[in-house]
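Notebook open, structure loaded. I want to jot down what I look up as I go.

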Amino acid sequence: MSTSATGRPLRVAFGNEANEKDIAAFAEQQHRLLDALWPLLACGGRLLYSTCSVFRAENAEQVDAFVARHPDADRLTVCQVDIGRGVKFETYCVPRIRGA
């Protein structure tokens with residue numbers, strides 16, 4: 001699932017910085033999409049979650065909260081790229097480990 005996000009790298013390039021309200025709105029939309037799609041995934045299936053944002057609220061925090069809400073999910077970091085200044089791009093795979 002590649003979800004809508006603040007797209008911070010693109011916004012910075014074009015001079016349109018995301019604000020806290022944008023981040024919260026996209027994080028809420030991502031939350032709803034993840035929860036809506038999860039029941040459609042077969043047991044043993046994998047959900048790949050990726051955004052074009054560097055904000056933790058849309059990435060690591062989003063995946064951590066999702067796994068906390070869904071005991072039949074587990075978090076795997078598939079790819080992590082450190083671009084400096086403490087900024088990392090991450091892609092997550094969330095396997096459905098039990099349940100239907």
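How many of the 100 residues of the chain, as a percentage, count as buried? I get 35%. Note to self: this is a predicted model.

**Layout**

I looked up the secondary structure next. I find 3 helices and 3 strands, and reading along the sequence I get α-α-β-α-β-β. For contacts with a separation of 6 or more, I checked how far apart the partners sit in sequence: 63% of them join residues 24 or more positions apart. I also pulled the accessible surface of the chain, which comes to about 5,900 Å². Carbon and sulfur atoms own 57% of that.

**Core**

Then I went for the largest nonpolar core. I count 11 residues in it: L34, W38, L41, L47, Y49, A60, V63, F66, A73, Y92 and V94. Which elements each supply at least two of its residues? I have β1 (46-49), α3 (60-69) and β3 (87-95) down for that. The largest share, 3 residues, is from α3.

**Y92**

I picked Y92, a member of that core, and listed its contacts, skipping neighbours within four places in sequence. My list reads L47, L48, Y49, N59, A60, V63, R75, L76, T77 and V78. Among these, L47, Y49, A60 and V63 are also on the list for the largest nonpolar core.

**Helix α3**

Since α3 gives the core its largest share, I looked at which of its residues are buried. I wrote down A60, Q62, V63 and F66. Seen down the axis of α3, these buried residues fall within an arc of 165 degrees, so I note that they line one face of the helix. Q62 is one of the buried residues of α3, but I don't see Q62 on the list for the largest nonpolar core.

**Aromatic pair**

Last stop, the rings. I describe a pair by the distance of the centres and the angle of the planes. My count comes to 1 aromatic pair. W38 and F66 make it, edge-to-face, with 5.0 Å centre to centre and 85 degrees between the planes. What does this pair tie together? W38 lies in the loop between α2 (20-37) and β1, while F66 is in helix α3, so the pair links parts that are 28 residues apart in sequence.

Are the two partners buried or exposed? W38 is buried, at a relative accessible area of 2%. F66 counts as buried too, at 1%. I also have both W38 and F66 down as members of the largest nonpolar core.

Key. Residues numbered from 1 in each chain as written. Predicted model: local features only at pLDDT ≥ 70, side-chain atom pairs only at ≥ 80, totals over all residues. Heavy atoms only, no water. Core = buried A, V, L, I, M, F, W, Y, C linked by side-chain atoms within 4.5 Å. Buried < 20%, exposed > 50% of the residue type's maximum accessible area, 1.4 Å probe, protein only. Helix = DSSP H or I, 4+ residues; strand = E, 2+ residues; numbered from the N terminus. Contact = heavy atoms within 4.5 Å. Areas by Shrake-Rupley, 256 points an atom, 1.4 Å probe, with all protein chains shown as cover. Phe/Tyr/Trp six-rings, centres within 6.5 Å; stacked < 30°, edge-to-face > 60°. Arc of directions from axis to C-beta.
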